[in-house]
Amino acid sequence: GVVTPDIDVTETDSEMRITAELPGMAEKDIDVDLSGDRLTIRGEKHEEHEEKEKDYHVSERRYGAFKRSMRLPDTVDTGKVSAEMKNGVLTVVIPKTAKAKDTARKISIKKG
């Protein structure tokens with residue numbers, strides 16, 4: 001079966017942060033690719049469990065693959081993307097460009 005991980009995208013003035021919940025997977029099972037302005041996260045899980053006892057034999061196999069792709073805005077610095085896997089959560093950090101930081105401003109809302 002295909003596994004679709006939960007992905008969150010958050011943004012601050014200085015970076016975008018993408019987190020994906022990938023329980024039971026290791027960094028060797030996951031690929032993070034950047035091609036132009038498209039970030040792709042893909043992975044495949046192979047899990048096998050076998051128990052043999054005198055009165056019974058149980059064999060379970062689970063396989064799943066996923067691919068998530070997203071277009072990045074032109075305000076990020078794609079040359080400085082980093083990724084880290086910790087406790088089943090993949091975190092991809094994409095810093096914003098200096099130009100993007102300078103052009104951000106708050107817009108006040110007037111009561112109508």
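User: Why do the side chains of R71 and D37 count as a salt bridge?
Analyst: In this predicted model, the N to O distance between R71 and D37 is 3.1 Å. The cut-off is 4 Å from a side-chain nitrogen of Lys or Arg to a carboxyl oxygen of Asp or Glu, so the R71 and D37 pair passes.

User: What makes this a link between distant parts of the chain?
Analyst: Look at the addresses: R71 sits in strand β5, D37 is in the loop between β3 and β4, and 34 residues separate them.

User: Is R71 buried, partly exposed or exposed, and how do you know?
Analyst: R71 has a relative accessible area of 57%. Exposed starts over 50%, so R71 is exposed. Its partner D37 comes in at 35%, which lies between the 20% and 50% limits, so D37 is called partly exposed.

User: How many salt bridges are there in total?
Analyst: The count comes to 6 by that rule. One of them pairs E11 with K96, whose closest N and O atoms are 2.6 Å apart. Those two are 85 residues apart in the chain, with E11 in strand β1 and K96 in the loop between β7 and α1.

User: What labels do E11 and K96 get for accessibility, and why?
Analyst: They land in opposite classes. E11 has 52% relative accessibility, and that is over the 50% line, so E11 counts as exposed. K96 has 13%, under the 20% line, so K96 counts as buried.

User: What makes E15 and R17 a salt bridge?
Analyst: Their N to O distance is 2.8 Å, and since the limit is 4 Å, the pair qualifies. R17 itself has 32% relative accessibility, so it falls in the partly exposed band between 20% and 50%. R17 also has a bridge partner in β7, namely V93.

User: How do you know that β2 and β7 pair?
Analyst: Two strands pair if there are at least two bridges between them. β2 and β7 have 7, so they clear that easily stated bar, and they run antiparallel. Strand β6 also meets β7 in antiparallel fashion, with 5 bridges, so that pair passes too. There, K86 stands opposite V89.

User: Why is strand β7 described as mostly covered?
Analyst: Of its 7 residues, 5 are buried, and buried means under 20% relative accessible area.

User: What stands out about phi at N87?
Analyst: Phi of N87 is near 55°, a positive value in a residue other than glycine. For background, most residues other than glycine have a negative phi. N87 belongs to the hairpin of β6 and β7, which has 2 residues between the strands.

User: Why is N87 called exposed?
Analyst: Its relative accessible area is 75%, and the threshold is over 50%, so the label follows.

User: Which residues form the negative patch on the surface, and what makes E60 eligible for it?
Analyst: E51, E53, D55 and E60 gather there. E60, located in strand β5, has 40% relative accessibility and counts as partly exposed. Patch residues need over 30%, so E60 meets that accessibility requirement.

User: And I30: buried or exposed, and why?
Analyst: I30, in strand β3, has 10% relative accessibility, which is under 20%, so I30 counts as buried. From I30 to S108, the C-alpha to C-alpha distance is 43 Å, with their positions 78 residues apart in sequence.

Notes:
Residues are numbered from 1 along each chain as its sequence is written. This is a predicted model: local features need pLDDT of at least 70, side-chain atom pairs count only at pLDDT 80 or more; totals for chains, interfaces and linings use all residues. Side-chain values use heavy atoms; hydrogens and water are left out. Patches are made of residues with over 30% relative accessible area and no salt bridge: like charges are joined within 9 Å, nonpolar side chains (Val, Leu, Ile, Met, Phe, Trp, Tyr) within 5 Å. Accessible areas come from the Shrake-Rupley method with a 1.4 Å probe; for residues, only the protein chains shown count as cover. Lys and Arg count as positive and Asp and Glu as negative; His and the chain ends are not counted. The place of a charge is taken as NZ of Lys, CZ of Arg, CG of Asp or CD of Glu. Helices (H or I, at least four residues) and strands (E, at least two) are DSSP runs, numbered from the N terminus. Buried means under 20% relative accessible area, exposed over 50%, partly exposed in between (1.4 Å probe, protein chains only).
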